[in-house]
Amino acid sequence: MDHADPTFCGEQKLRGEQKLIVEGGQPLRGSVTISGSKNAAVAAIPAALLASSASVIENIPDILDVKVFADILTELGALVSYDRNNRTMTIDPNAFKTSVAPHHLVSRLRASYYLLGVLLSKFGVAEVAMPGGCDIGIRPIDQHIKGIKALGADVTLEHGTIKVKAKSGRLTGREIYLDVTSVGATVNLMLAAVFAEGTTVIENAAKEPHVVDLANYLNAMGARIQGAGTDTIRIRGVTSLRGTRHALIPDDIEAGTYLLAAVATGGDVTVENVISKHLESLLSKVVEMGASVEDRQDSVRVVAPKRPKSVNAITLPYPGFPTDLQQPLISVMALADDVSLIQETIYDNRFGFVNELMKMGARIKVDGRTAVVEGVTGLTGAPVTARDLRGAAALLIAALSARGITEIYGVHHLDRGYERVEQKVSALGGHIARVC
Ligand code: EPU
């Protein structure tokens, strides 16, 4: 049985019958190597289609979202070869000729909406079905559409498919102000604007590390993008891009998840292959919770206190505390010595896992976008069901800290974004097994 392959239980089992059995109560100790960033990968993979020759993307994480995106590109005609052992993916866009991405493919993955920017850039026309993804609230794409229209495309929505067409064959650079700081809109507009005539300026752009990573990759292909990582990104249109090698940045959210698991279990964990600058907001919370942090820039060690101190937090776009670690942080707050408050400002429904956490003994009240978490001295194992990716990570953290056995259902959510989770947790001394 190949545990490196999240599909090893077979497609049927993947749809919800797999479970993780976790026997909690062991402090996690040791080192864990962090994989390449999921959100950088799902931007770089479609971006490879913009070049006239093959790209090799390195440090590709072995996760379900990457596999699904590779399958989508293959079905659409690209030549994709995925070498799991060397963590590289080679994407040759030359046979890729279609500007249509149908529902049965793109509904499998939210980030497939990046095909809109890519196909429009490449062909001047695109038809992409509305995307799927985690159910964590209303997730409009009005800012993507507003930007694409500003660049000179007609946009219509018909039968769940977005149809876009550059009015004069080629898009034209414009200044676009995003009403909300959106990672997806920033990435999509960078992809759409690389070949636009003149200069595109994205104001109020997202500053997340994976936005910068994508800009670095596109620039290595020959694009002219400046300012990624600030709130103003300038893209001077070019006429062609060539394939190149690009190594993805490490996954800050995976790293944060293991560090929070260390705090929840009273452990001592070092995350290797990270960029500690990307973890600043998380590390400051970890220190507030009473842990000690050794920052060696490409690795970070966290030594947890016996019991975490309560903290308050608010989720914000980067460099604020990431919404993707809000749920994992709640699992730690559930064990803290007093009452913690956390406010979710990015999504309107990202507390769905709280009911499951309460089955394990957590005391949490949710009022709109705020959760009040009254720390308890310990959680107890229970059967729980994950309904989204980071909720699944939060349940895993809770299970690792809890007394007794937790069965976590809905494991495919975890597999979307966490590589070889059983191996990594076991190597840290956690007791975990997957049952098909
Ligand atoms: N928004 C709009 N209009 C838009 C786009 C976004 O109102 O046109 C709103 C959203 O509804 C949300 C906020 O803006 O309230 C931020 O959304 P954003 O576009 O930044 O999110 P996203 O691009 O869909 C990415 C990550 C998410 C992560 C968010 C925020 C990828 C593939 N996904 O999503 O990752 O939570 O940015 O940092 O990069 C995850 O990894 O678990 C995950 C959900």
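A polar contact is a pair of N or O atoms within 3.5 Å. The exercises below apply this and related criteria to a predicted model.

**Exercise 1. Identify side chains that make polar contacts with the ligand, and describe how the protein surrounds the ligand.**

Step 1. A polar side-chain atom of Y113 lies 2.9 Å from an oxygen atom of the ligand, which is within the 3.5 Å limit for a polar contact.

Step 2. The side chain of S182 places an N or O atom 2.6 Å from a ligand oxygen, and for N39 the corresponding distance between a side-chain N or O atom and an oxygen of the ligand is 3.4 Å.

Step 3. Taken alone the ligand exposes 820 Å², and the protein buries 90% of that area.

Step 4. Two or more residues of the shell around the ligand come from each of the elements α2 (38–47), α6 (142–150), α7 (183–193) and α13 (389–401). The shell holds 27 residues, of which Q143, S182, V183, D324 and I346 come nearest to the ligand.

**Exercise 2. Classify the aromatic pairs by geometry, and state whether their residues are buried or partly exposed.**

Step 1. The count of aromatic pairs comes to 2. In one of them, F96 and F123 have ring centres 6.4 Å apart and planes at 15° to each other, which makes the pair stacked.

Step 2. This pair links distant parts of the chain, since F96 sits in the loop between β5 (88–92) and β6 (100–101) while F123 belongs to helix α5 (residues 114–123), 27 residues apart.

Step 3. F96 counts as buried because its relative accessibility is 2%, whereas F123, at 29%, counts as partly exposed.

Step 4. Y113 and Y114 make a tilted pair, with 5.1 Å from centre to centre and 55° between the planes; both Y113 and Y114 are buried.

**Exercise 3. Work out which parts of the chain are joined by the salt bridges of E407, D62 and K67.**

Step 1. A search of the whole structure finds 23 salt bridges, one of which brings together the side chains of E407 and K19 with an N to O distance of 3.4 Å.

Step 2. E407 lies in strand β23 (residues 405–409) and K19 in strand β1 (residues 19–23), so that this bridge links distant parts of the chain, 388 residues apart. With 23% relative accessibility E407 counts as partly exposed, whereas K19, whose relative accessible area is 19%, is buried, because buried means under 20%.

Step 3. D62 forms a salt bridge with R420, with 3.4 Å between the closest N and O atoms. Because D62 lies in the loop between β3 (55–58) and α3 (64–75) and R420 in the loop between α14 (411–415) and α15 (421–427), the pair ties together parts that are 358 residues apart in sequence. D62 is buried, as its relative accessible area is 3%.

Step 4. K67 and D71, by contrast, both lie in helix α3, 4 residues apart, or about one turn of the helix, and their side chains meet in a salt bridge at 3.5 Å, N to O. K67 is partly exposed at 24% relative accessibility, and D71 is partly exposed at 26%.

Step 5. Salt bridges with shared partners join D62, R84, R87, E419 and R420 into one network.

**Exercise 4. Describe the nonpolar surface patch that contains L341.**

Step 1. The patch is formed by V339, L341 and V372, which together have about 200 Å² of accessible area.

Step 2. L341 belongs to strand β19 (residues 339–343), and its relative accessibility of 38% makes it partly exposed.

Methods: Residues numbered from 1 in each chain as written. Predicted model: local features only at pLDDT ≥ 70, side-chain atom pairs only at ≥ 80, totals over all residues. Heavy atoms only, no water. Patch = residues over 30% accessible without salt bridge, like charges linked within 9 Å, V, L, I, M, F, W, Y side chains within 5 Å. Areas by Shrake-Rupley, 256 points an atom, 1.4 Å probe, with all protein chains shown as cover. Salt bridge = Lys/Arg side-chain N within 4 Å of Asp/Glu carboxyl O. Buried < 20%, exposed > 50% of the residue type's maximum accessible area, 1.4 Å probe, protein only. Phe/Tyr/Trp six-rings, centres within 6.5 Å; stacked < 30°, edge-to-face > 60°. Near = heavy atom within 4 Å. Polar contact = N/O pair within 3.5 Å; in protein donor to acceptor, adjacent residues only side chain to side chain.
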